[in-house]
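Let's take a walk through this structure together, one stop at a time. Have a look at the sequence and the model below before reading on.

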Amino acid sequence: MRSAIRTIRRAQAGAARIAPPVYLYDGETVIAVGDSITNGALDVDPYVELVAAEWQATLDNRAISGSTLQNGNEATGTPRAFNLMDAFEVRTITPAAKAIVCAYTLNDARYTANDGAANGYPYTLNPDLCRAALRSCVRRWLGKYAREDIWLVTAHWISDAGLLSGGAGFTGQSRAGYEAYVSACRQVATEFGVKLVDSYAHRTPATTLDNIHPDEASRDRLAALFRWPFNPRIQPSVG
């Protein structure tokens, strides 16, 4: 990881003689929330460390492995209290930061267990309610962050084998069912005019360690998606 960051620093120094970087949070704090891919898994450091280094930002990584955006249960029925909507304020509003990267919906999309109302909420995980939850997040973030400092990352690319991989409650999703969550993220980004990193469209991660988590090459590719021209600015359709 250190060598990768040194490479980024050298590239930045060379690029600075040509043109200034497109995105730069020099000395500012950037919060990241998401699941195990954002938290780092299987001895592969998280892509957001590379992103923060390139932005010259301080990373406050609040991602939690196994978590989802929506309120939900374990397959056994036990509430997953660390999901983002269960701890929204403490993870994304209270901490001081200039920008936020939200890389949720992969586990939401993979989750196929039937929660019922066992967790006290009148719904199970589904793409429409995922969209509603993400819209709620962005509306509240716009009270803290500038529109251009909110970065949404779609559910990442997943192979057919990946759809069949995982623990109880996280296997057996269909391609169409998974892509409904990808569309939900895209729609929210377009609606509010925030940044979109469409890792699904770029088929990232293309190479993995276990059909889910990226190897180092795909980790680097995922970090690269935060750069121009992979991330065009989106014009808001709703104020």
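**A covered helix, a charged patch and some cysteines**

Let's start with helix H3, which is mostly covered: 8 of its 9 residues are buried. Keep in mind as you look around that this is a predicted model. The helix runs over residues 47–55. The buried ones in H3 are Tyr47, Val48, Leu50, Val51, Ala52, Ala53, Glu54 and Trp55. Just after H3 comes Gln56, and its phi is positive, near 60°.

So what about Glu49, which also lies in H3? Its relative accessible area is 31%, and because buried means under 20% and exposed over 50%, Glu49 counts as partly exposed. Glu49 also has company at the surface: together with Asp43, Asp45 and Glu216, Glu49 forms a patch of negative charge there.

Now let's turn to the cysteines. How many disulfides does a search of the whole structure find? The search comes up with 0. Take Cys137, which is in no disulfide: the nearest cysteine sulfur belongs to Cys102 and is 6.0 Å away. A disulfide needs a pair of cysteine sulfur atoms within 2.5 Å, so that pair doesn't qualify. Cys185 is in no disulfide either, and for Cys185 the nearest cysteine sulfur is again that of Cys102, 7.3 Å away.

Are these two cysteines buried or exposed? Cys137 counts as buried because its relative accessibility is 0%. Cys185, at 2% relative accessibility, counts as buried too.

Key. Residues are numbered from 1 along each chain as its sequence is written. This is a predicted model: local features need pLDDT of at least 70, side-chain atom pairs count only at pLDDT 80 or more; totals for chains, interfaces and linings use all residues. Side-chain values use heavy atoms; hydrogens and water are left out. Buried means under 20% relative accessible area, exposed over 50%, partly exposed in between (1.4 Å probe, protein chains only). Patches are made of residues with over 30% relative accessible area and no salt bridge: like charges are joined within 9 Å, nonpolar side chains (Val, Leu, Ile, Met, Phe, Trp, Tyr) within 5 Å. Accessible areas come from the Shrake-Rupley method with a 1.4 Å probe; for residues, only the protein chains shown count as cover. A salt bridge is a side-chain nitrogen of Lys or Arg within 4 Å of a carboxyl oxygen of Asp or Glu. Lys and Arg count as positive and Asp and Glu as negative; His and the chain ends are not counted. The place of a charge is taken as NZ of Lys, CZ of Arg, CG of Asp or CD of Glu. Helices (H or I, at least four residues) and strands (E, at least two) are DSSP runs, numbered from the N terminus.
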